[in-house]
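Here's a quick briefing to read with the structure open beside you. Have a look at the fold first, then go through the points by topic.

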Amino acid sequence: MRAVLTRVTSASVAIGGEVVGQIGKGFLILLGVGPEDTEKECRYLAEKALGLRIFEDENGKMNLGLDAISGEVLVVSQFTLY
């Protein structure tokens, strides 16, 4: 399993010019999954992402997690990562 996570103010994914998913502030995750990847690895990755504190607090320090900012997550299948 490979993932690229980026902090975004907004993100969307379009197929054939039609938006099929979009979020506001949160995480955009490009995810590549292989045939040997298990649910256990998926849960680990999800928990790790949700535990990241990479959003700025009132003092400008990266100290807030996704839950503290009521952030959203957009996961995009990205088999080329694998």
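In what order do the three strands of the open sheet sit? They go β1-β4-β7, and the pairing is mixed. Keep in mind that this is a predicted model. Overall, the protein chain has one helix and seven strands, and reading from the N terminus you get β-β-β-β-α-β-β-β.

**The open sheet**
- The edges are taken by β1 (2-8) and β7 (72-77), each of which pairs on one side only.
- Going from one strand to the next, the twist averages 20°.
- β1 and strand β4 (residues 26-32) run antiparallel, with seven bridges joining them.
- If you want a spot to check that pairing, look at V8: its bridge partner in β4 is G26.

**The β2-β3 hairpin**
- Strand β2 (residues 11-15) pairs with strand β3 (residues 18-23) in the antiparallel sense, and five bridges hold the count here.
- I15 is the residue to find at the turn end of the list, standing opposite E18 in β3.
- Two residues lie between the strands of this hairpin, and G16 takes a positive phi near 60°.
- G17 also belongs to the loop between β2 and β3.
- Is G17 buried or exposed? G17 is exposed, at a relative accessible area of 75%; the cut-off for that label is over 50%.
- For a feel of the distances, take G17 and T38: they're 21 residues apart in sequence, and their C-alpha atoms are 33 Å apart in space.

**The β5-β6 hairpin**
- Strand β5 (residues 53-56) and strand β6 (residues 62-65) run antiparallel and are joined by three bridges.
- In this pair, R53 stands opposite G65 in β6.
- The hairpin formed by β5 and β6 has five residues between its strands.
- G60 sits in that turn and has a positive phi of about 80°.

**A backbone angle to look at**
- Most residues other than glycine have a negative phi.
- S70 is not a glycine, yet it has a positive phi of about 55°.
- Where is S70 along the chain? S70 lies in the loop between β6 and β7.
- S70 is exposed as well, with a relative accessible area of 63%.

**Whole-chain numbers**
- The C-alpha trace of the protein chain spans about 45 × 35 × 15 Å along its principal axes.
- Of the 82 residues in the protein chain, 24% are buried, where buried means under 20% relative accessible area.
- About 5,900 Å² of the protein chain is exposed, and carbon and sulfur atoms supply 53% of that area.
- Take the contacts in the protein chain between residues at least 6 apart in sequence: 58% of them join residues at least 24 apart.
- On the charge side, the protein chain carries 8 positive and 11 negative side chains.
- The centres of those two sets of charges lie 7 Å apart.

Terms used
Residues are numbered from 1 along each chain as its sequence is written. This is a predicted model: local features need pLDDT of at least 70, side-chain atom pairs count only at pLDDT 80 or more; totals for chains, interfaces and linings use all residues. Side-chain values use heavy atoms; hydrogens and water are left out. Helices (H or I, at least four residues) and strands (E, at least two) are DSSP runs, numbered from the N terminus. Buried means under 20% relative accessible area, exposed over 50%, partly exposed in between (1.4 Å probe, protein chains only). Contact means heavy atoms within 4.5 Å. Accessible areas come from the Shrake-Rupley method with a 1.4 Å probe; for residues, only the protein chains shown count as cover. Lys and Arg count as positive and Asp and Glu as negative; His and the chain ends are not counted. The place of a charge is taken as NZ of Lys, CZ of Arg, CG of Asp or CD of Glu. Two strands pair if DSSP finds at least two bridges between them. Axes are lines fitted to C-alpha atoms, for helices over the stretch in contact, and angles run from 0 to 180 degrees between N-to-C directions.
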